[in-house]
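Biologist: Could you take me through this model, strand by strand and helix by helix? I'll ask, you reason it out.

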Amino acid sequence: MTNLFNNISEKNIDKLLHILKANTIHYSKNVDILSNNDMDDFFAIIESGSLQLVYNDYEGNKTILEEFQEGNVFGSLISQIHSNEITCITKEKTKITYIEFNQITNNEIIRTDSYILFIKNLIKILSEQVTAKNNRIELLTKKTTRDKILEYLKLESKKKGSKTFTLPITFTELANYLSVDRSAMTREIKYLKNEGFIETHGRKISILY
């Protein structure tokens, strides 16, 4: 994953964030960061921690739309956040830096080397996140719970560069992410183990095929 400040010195990062009028906020666990955010158009950098973008339907069911980890970027123009059904919940103590989009076109910095690197890194990150969104769409088009599980494991294995890895989310969260019934998913994982497709030890998964 590309870092937004790749090849930019600490001194120039501080200067850049100051000119961009960036605002850094620390959150505790299980906070909806959108509830008190009054910015219309912004993007945010996750400096540390993690969070989930969650859709809550009228029956109280939850679907995890996106997972954001340290170094990820999200915002009003690249994620679906302006909706009463959408919450963005911190999974742990999380530090987020916000920048309003109109500050990106600030003429004071537009010609600096640091700004050019910043924009290049931002474009790379957005490209990576578009790929991730496309992978999620492909995953959700799978017709069966088994196919969704196998597709998810394939994507995680590719991301981690290994056929053995630890799930970044709980099994309940995985069911929400895959938009499948938790019991049906657990049953299918058991079948996959019995048939020799995978091994599991808690959240540690080994793909055997």
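Biologist: Let's kick off with strand S7, residues 94–100: how many of its seven residues are buried?

Modeller: Bear in mind that this is a predicted model, where local features need pLDDT of at least 70, side-chain atom pairs count only at pLDDT 80 or more, and totals for chains, interfaces and linings use all residues. Residues are numbered from 1 along each chain as its sequence is written, and side-chain values use heavy atoms, with hydrogens and water left out. Strands here are DSSP runs of E with at least two residues, helices are runs of H or I with at least four, and both are numbered from the N terminus. Buried means under 20% relative accessible area, exposed over 50% and partly exposed in between, with a 1.4 Å probe and protein chains only; on that scale S7 is mostly covered, and its buried residues number five.

Biologist: Which residue of S7 stands opposite Ile 25?

Modeller: Two strands pair if DSSP finds at least two bridges between them. S1, residues 23–27, pairs with S7 in the antiparallel sense over five bridges. Across from Ile 25 in S7 you'll find Ile 96.

Biologist: And on the S2 side, what is the bridge partner of Phe 42 in S7?

Modeller: S2 covers residues 42–48 and pairs with S7, again antiparallel, over six bridges. Phe 42 has as its bridge partner in S7 Glu 100.

Biologist: Just past S2, is Ser 50 buried or exposed?

Modeller: Ser 50 lies in the loop between S2 and strand S3 (51–56). Leaving out residues up to four places away in sequence, Ser 50 touches Phe 68, Gln 69, Ile 89, Thr 90, Lys 91, Glu 92 and Thr 94, where contact means heavy atoms within 4.5 Å. Its C-alpha is 9.5 Å from that of Ile 96, though the two are 46 residues apart in sequence. With a relative accessibility of 2%, Ser 50 is buried.

Biologist: Over to the helices: at roughly what angle do H4 and H5 cross?

Modeller: Axes are lines fitted to C-alpha atoms, for helices over the stretch in contact, and angles run from 0 to 180 degrees between N-to-C directions. H4 (residues 145–160) and H5 (residues 171–178) have axes that come within 11 Å and cross at roughly 110 degrees. Angles under 35 degrees count as roughly parallel, over 145 as roughly antiparallel, 65 to 115 as roughly perpendicular and the rest as oblique, so H4 is roughly perpendicular to H5.

Biologist: How many charged residues does the contact of H4 with H5 have?

Modeller: H4 brings Lys 148, Ile 149 and Tyr 152, while H5 brings Leu 174, Tyr 177 and Leu 178. Ala, Val, Leu, Ile, Met, Phe, Trp, Tyr, Cys and Pro count as nonpolar, Asp, Glu, Lys and Arg as charged, and the others, Gly among them, as polar. That gives five nonpolar residues, no polar ones, and of the charged kind, one.

Biologist: Where is Ser 179 found?

Modeller: Ser 179 is not a glycine, yet it has a positive phi of about 60 degrees. Its relative accessible area is 40%, so Ser 179 is partly exposed. Its place is in the loop between H5 and helix H6 (182–194).

Biologist: What is the phi of Asn 30?

Modeller: Asn 30 is found in the loop between S1 and S2. Asn 30 counts as exposed because its relative accessibility is 58%. Although Asn 30 is not a glycine, its phi is positive, at about 65 degrees.
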